[in-house]
Structure formats: structure tokens, C-alpha cells
Amino acid sequence: KVLTEIKADMASSQAMQRLLQGDVGSGKTVVAAIACLAAIQSGRQAAIMAPTEILARQHYEKISSQLEQLVFNGRKLRLALLAGQNKQKEKIYQQIQEGKIDLVIGTHALLQEELSFKSLSFIVIDEQHKFGVGQRALLPKKGNNPDLLIMTATPIPRTLAITLYGDLDISVINQLPPGRIPIKTLQ
């Protein structure tokens with residue numbers, strides 16, 4: 001259901017502004033990856049921004065292990081990670097600018113002024129409440145009116161979500177995928 005809503009927004013002439021809410025383990029990352037693929041299939045770039053290096057790496061490893069073998073227009077999907085002290089940062093910046101990277105996953109490193117995209121059309125911001133308002137506004141400026149998907153695992157009652165995020169359409173994943181083992185948080 002959520003993918004249908006997102007794909008309809010992406011097909012619209014107006015840029016998508018959507019909040020995706022779902023529990024940890026509900027499949028938000030899978031939904032985001034599929035939406036990124038839709039943008040990439042149309043010859044554009046996508047970006048996923050996470051608030052911590054650990055989460056960015058987790059997204060990168062999960063998505064790349066599942067999608068790196070995909071072939072678009074006769075070539076494999078090209079992914080990059082921008083987080084922490086990446087020694088190849090300048091090379092990755094150049095590849096993104098030249099359109100040689102389809103999907104970049106990173107942290108605040110995606111907000112650096114020297115990073116520019118050739119054709120950024122889809123952005124995912126995970127746990128967006130951990131970014132400042134100004135920070136959240138920077139990444140969309142790197143594209144030409146890109147679609148924006150904001151994800152959160154923080155339960156927000158619908159009426160409060162409409163008040164806080166009145167400019168966003170809201171999608172909720174309200175059940176876990178079949179066979180999903182409950183998440184355990186350890187300290």
C-alpha cells in the first residue's frame with residue numbers, strides 16, 4: 001500500500017513530500033530502496049541520508065548486498081557510501097557529480113557544500129527529527145525539485161503528525177512483514 005502511494009507521488013508533476021512511519025523492522029528501508037530504484041530506472045540519482053555513521057553503514061551494507069547485482073541499461077547499479085573519514089571522498093564527489101553513482105548513502109557528509117549531483121531526483125531522510133530544520137532543507141537544494149521521503153520509527157499519532165508535518169503526506173506501515181522476528185534492543 002505504501003509503495004503504491006509513493007510511486008503515485010513520484011509519477012505526479014509535483015515533487016513528493018511524504019512522511020513514512022513504521023516500527024523498527026517493518027520494512028521502511030526496503031520501501032525506500034524500491035523507491036530509489038524507481039528514480040534510478042528513470043536515469044536519475046537517489047540519496048539516502050541517515051543521522052549516524054552506524055545507521056548509514058547499515059543501510060549501505062543491507063541495500064548493496066541486495067541490489068548491487070541489478071543491471072540498468074546494460075550496467076550494474078552503482079552505489080557509494082559517504083560517512084565519516086572516507087579517504088576516497090573527493091573521488092566519490094566527482095563520480096556523483098558526473099552521474100557515475102546512482103545511489104549515495106551517507107550522513108551529514110551529503111550536506112557538504114562541495115558535493116553536487118548530476119541529476120538528483122529522489123531523497124530519503126531517515127530519522128529526520130535528528131537533523132535540524134536547516135540541515136533537512138540543504139539536501140533537496142542539491143537536486144532539481146526532487147521527491148522527498150522522510151522516514152521515522154517514532155510513533156506519531158496521526159493528528160499530531162498532521163500538525164507537525166502539515167506540508168507532508170503521511171504513509172504508515174502498521175504491520176510487520178510475515179515471519180519477522182521481534183526486535184530486541186540491548187544495552
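Buried here means under 20% relative accessible area. Keep that cut-off in mind for the views below, which come from a predicted model.

**View 1. Strand E2, tucked away inside.** Five of the five residues of E2 are buried, so the rest of the structure largely encloses this strand. Which way do the residues of E2 point? Gln45, Ala47 and Met49 point one way, while Ala46 and Ile48 point the other way, and all are buried. So what sits beside the strand? E2 and E7 run parallel and are joined by five bridges, with Ala47 standing opposite Ile123 in E7. E2 also runs parallel to E6, and four bridges join that pair. Here, look for Ala46 opposite Leu103 in E6.

**View 2. Helix H3 and its two faces.** H3 covers residues 53-67, which makes 15 residues. From its first C-alpha to its last it reaches 20 Å, close to the 21 Å expected at 1.5 Å a residue. Its buried residues are Leu55, Ala56, His59, Tyr60, Ile63, Ser64 and Leu67. Why do they line one face of the helix? Seen down the axis of H3, the buried residues fall within an arc of 150°, so they line one face. Now check the face turned away from that buried side: it carries the exposed residues Ile54, Glu61, Ser65 and Gln66. And what covers the buried residues of H3? The cover includes helix H2 (28-41), strand E2 (45-49), strand E5 (79-82), E6 and strand E7 (120-126).

**View 3. Ile105, a buried spot in strand E6.** You'll find Ile105 in strand E6. At 0% relative accessibility, Ile105 counts as buried, because the cut-off is under 20%. Several of its contacts are in H3: leaving aside neighbours within four places in sequence, Ile105 is in contact with residues including Ala56, His59, Tyr60 and Ile63. The same list also includes Ile48, Leu79, Ala80, Leu81 and Leu82. How far apart are Ile105 and Leu82 in sequence and in space? They are 23 residues apart in sequence and 6.2 Å apart in space, C-alpha to C-alpha.

**View 4. The largest nonpolar core, with Leu149 as one of its well-connected members.** This core has 33 residues, and those with the most contacts inside it are Ile6, Ile63, Leu103, Phe122, Val124 and Leu149. The elements giving two or more residues to it are helix H1 (2-11), H2, E2, H3, E5, E6, E7 and strand E8 (147-152). Which element gives the largest share? That would be H2, with eight residues. Zoom in on Leu149: not counting residues up to four places away in sequence, Leu149 touches Ile6, Met16, Arg18, Leu20, Ala32, Phe122, Ile123, Val124 and Ile125. Apart from this core lies another one, of 23 residues, among them Leu19, Leu82, Leu111 and Ile150.

**View 5. Asp102, a buried residue in a loop.** Where is Asp102? Look in the loop between helix H4 (89-97) and strand E6 (103-106). Asp102 is buried, because its relative accessible area is 4% and the cut-off is under 20%. A polar atom of the Asp102 side chain lies 2.7 Å from the backbone nitrogen of Arg78. Arg78 is also among the contacts of Asp102 once neighbours within four places in sequence are left aside, together with Ile40, Arg44, Gln45, Ala46, Arg75, Lys76 and Leu77. Gln45 and Ala46 bring us back to E2, where they point in opposite ways.

Methods. Residues numbered from 1 in each chain as written. Predicted model: local features only at pLDDT ≥ 70, side-chain atom pairs only at ≥ 80, totals over all residues. Heavy atoms only, no water. Buried < 20%, exposed > 50% of the residue type's maximum accessible area, 1.4 Å probe, protein only. Polar contact = N/O pair within 3.5 Å; in protein donor to acceptor, adjacent residues only side chain to side chain. Contact = heavy atoms within 4.5 Å. Expected span 1.5 Å × (residues − 1). Arc of directions from axis to C-beta. Core = buried A, V, L, I, M, F, W, Y, C linked by side-chain atoms within 4.5 Å. Pairing = 2+ DSSP bridges.
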